[in-house]
Amino acid sequence: MNAQVSCPQCRAVVPDIDGPTHAYVPSAPGCWSAFGALRADEMLRFPGSETNNLVVDTYMAQHPGDGLDRRDRQSVFVHLVSLCAVIERDESPSRSPEVLRAVLARQIEFPVIRRARGPGDLTVLSATDATSVEDHDTRVRRWAGSVWESWREYHPKISAALDASH
Ligand SMILES: [Zn+2]
């Protein structure tokens with residue numbers, strides 16, 4: 001049996017592998033690899049699904065790091081703004097890149113934000129192995145909602161940043 005490890009950021013139980021991670025996304029390598037596999041799978045099986053962007057926003061928002069590096073503060077913040085647009089304002093996830101650009105253009109300083117509670121009950125693993133595009137979209141939206149909820153105390157701040165970017 002292969003060893004498993006719990007991702008320090010999202011708590012997904014993943015294979016304990018050596019492998020690459022992102023410079024400022026402190027996932028377990030097995031978790032980063034599951035994210036890569038999900039991205040590859042959705043590109044292959046569900047190309048053009050609007051929730052493909054939501055996978056990136058959700059994953060990044062669930063792996064915030066300690067916020068000491070400016071890029072890591074910026075990453076979690078802008079991806080949360082994008083989640084806010086989809087979940088609270090009912091915007092299409094396909095607009096996500098536009099939202100990200102607008103926030104980056106307006107916002108100069110990004111606050112350090114810390115989750116007061118856990119990362120939520122759902123992880124990248126809950127969105128893996130969907131059986132159809134509808135199933136994929138449902139799973140991704142459920143995961144996104146859980147991650148958004150885990151940042152509850154920052155909703156006003158994030159919502160204000162979204163308003164300011166328009
Ligand atoms: Zn993780």
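Where does His-63 lie? His-63 sits in the loop between helix 2 and helix 3, and the close-ups below, all from a predicted model, start around this residue.

**View 1. Four side chains hold the zinc ion.** Cys-7, Cys-10 and Cys-31 each bring an SG atom to the zinc ion, and His-63 brings its NE2, at 2.0 to 2.4 Å. The angles among the 4 donor atoms run from 105 to 116 degrees, and the site is tetrahedral. For reference, the ideal angle for four tetrahedral donors is 109.5 degrees. Read along the sequence, the donor residues follow the spacing C-x2-C-x20-C-x31-H. Both Cys-7 and Cys-10 are buried.

**View 2. His-63 and its surroundings.** Is His-63 buried or exposed? His-63 counts as buried because its relative accessibility is 2%, and the cut-off for buried is under 20%. Once neighbours within four places in sequence are set aside, His-63 is in contact with Cys-7, Gln-9, Cys-10, Val-25, Pro-26, Ser-27 and Cys-31. Look also for the backbone oxygen of Tyr-59, which lies 2.8 Å from a polar atom of the His-63 side chain.

**View 3. The largest nonpolar core, with Tyr-59 and Leu-80.** Tyr-59 turns up again here: of the 42 residues in this core, Tyr-59 and Leu-80 touch the most other members. Two or more residues apiece come from helix 1 (29–45), helix 2 (51–62), helix 3 (70–87), helix 4 (96–106), helix 5 (133–150) and helix 6 (155–164). Helix 3 gives the largest share, 9 residues. As a general point, nonpolar side chains in soluble globular proteins tend to be buried together. Zoom in on Leu-80 and, leaving out neighbours within four places in sequence, you find contacts with Ala-61, Ile-113, Trp-148, Trp-151 and Ile-158.

**View 4. The buried face of helix 6.** Which residues of helix 6 are buried? They are His-155, Ile-158, Ala-161 and Leu-162. Seen down the helix axis, the buried residues of helix 6 fall within an arc of 130 degrees, so they line one face of the helix. The general geometry helps here: an α-helix has 3.6 residues a turn, so residues three or four places apart point the same way. What do the buried residues of helix 6 pack against? Their partners are helix 3, helix 4 and helix 5. One of these buried residues, Ile-158, is also in contact with Leu-80.

**View 5. Two loop residues with positive phi, Arg-11 and Asp-90.** Arg-11 is not a glycine, yet has a positive phi of about 70 degrees. Arg-11 belongs to the loop between strand 1 (4–6) and strand 2 (13–15). At 56% relative accessibility, Arg-11 counts as exposed. Asp-90, also a residue other than glycine, has a positive phi near 60 degrees. Its place is the loop between helix 3 and helix 4. Asp-90 counts as exposed too, because its relative accessibility is 68% and the cut-off for exposed is over 50%.

**View 6. Asp-121 and Trp-143.** Asp-121 is in the loop between helix 4 and helix 5. With 77% relative accessibility, Asp-121 counts as exposed. How many residues apart along the chain are Asp-121 and Trp-143? They are 22 residues apart, and 8.4 Å separates their C-alpha atoms.

Note on methods:
Residues are numbered from 1 along each chain as its sequence is written. This is a predicted model: local features need pLDDT of at least 70, side-chain atom pairs count only at pLDDT 80 or more; totals for chains, interfaces and linings use all residues. Side-chain values use heavy atoms; hydrogens and water are left out. A nonpolar core is a set of buried Ala, Val, Leu, Ile, Met, Phe, Trp, Tyr and Cys residues joined through side-chain atoms within 4.5 Å. Buried means under 20% relative accessible area, exposed over 50%, partly exposed in between (1.4 Å probe, protein chains only). Helices (H or I, at least four residues) and strands (E, at least two) are DSSP runs, numbered from the N terminus. Contact means heavy atoms within 4.5 Å. Donors are N, O and S atoms within 2.8 Å of the metal (3.2 Å for Na, K and Ca); water is not among the atoms, so sites may look incomplete. Four donors count as tetrahedral if all angles lie between 85 and 135 degrees; four count as square planar and six as octahedral if opposite donors are over 155 degrees apart and all others between 65 and 115; anything else is irregular. A polar contact is a pair of N or O atoms within 3.5 Å; within protein, one must be able to donate a hydrogen and the other to accept it, and residues adjacent in sequence count only if both atoms are side-chain atoms. The arc is that of the directions from the helix axis to the C-beta atoms.
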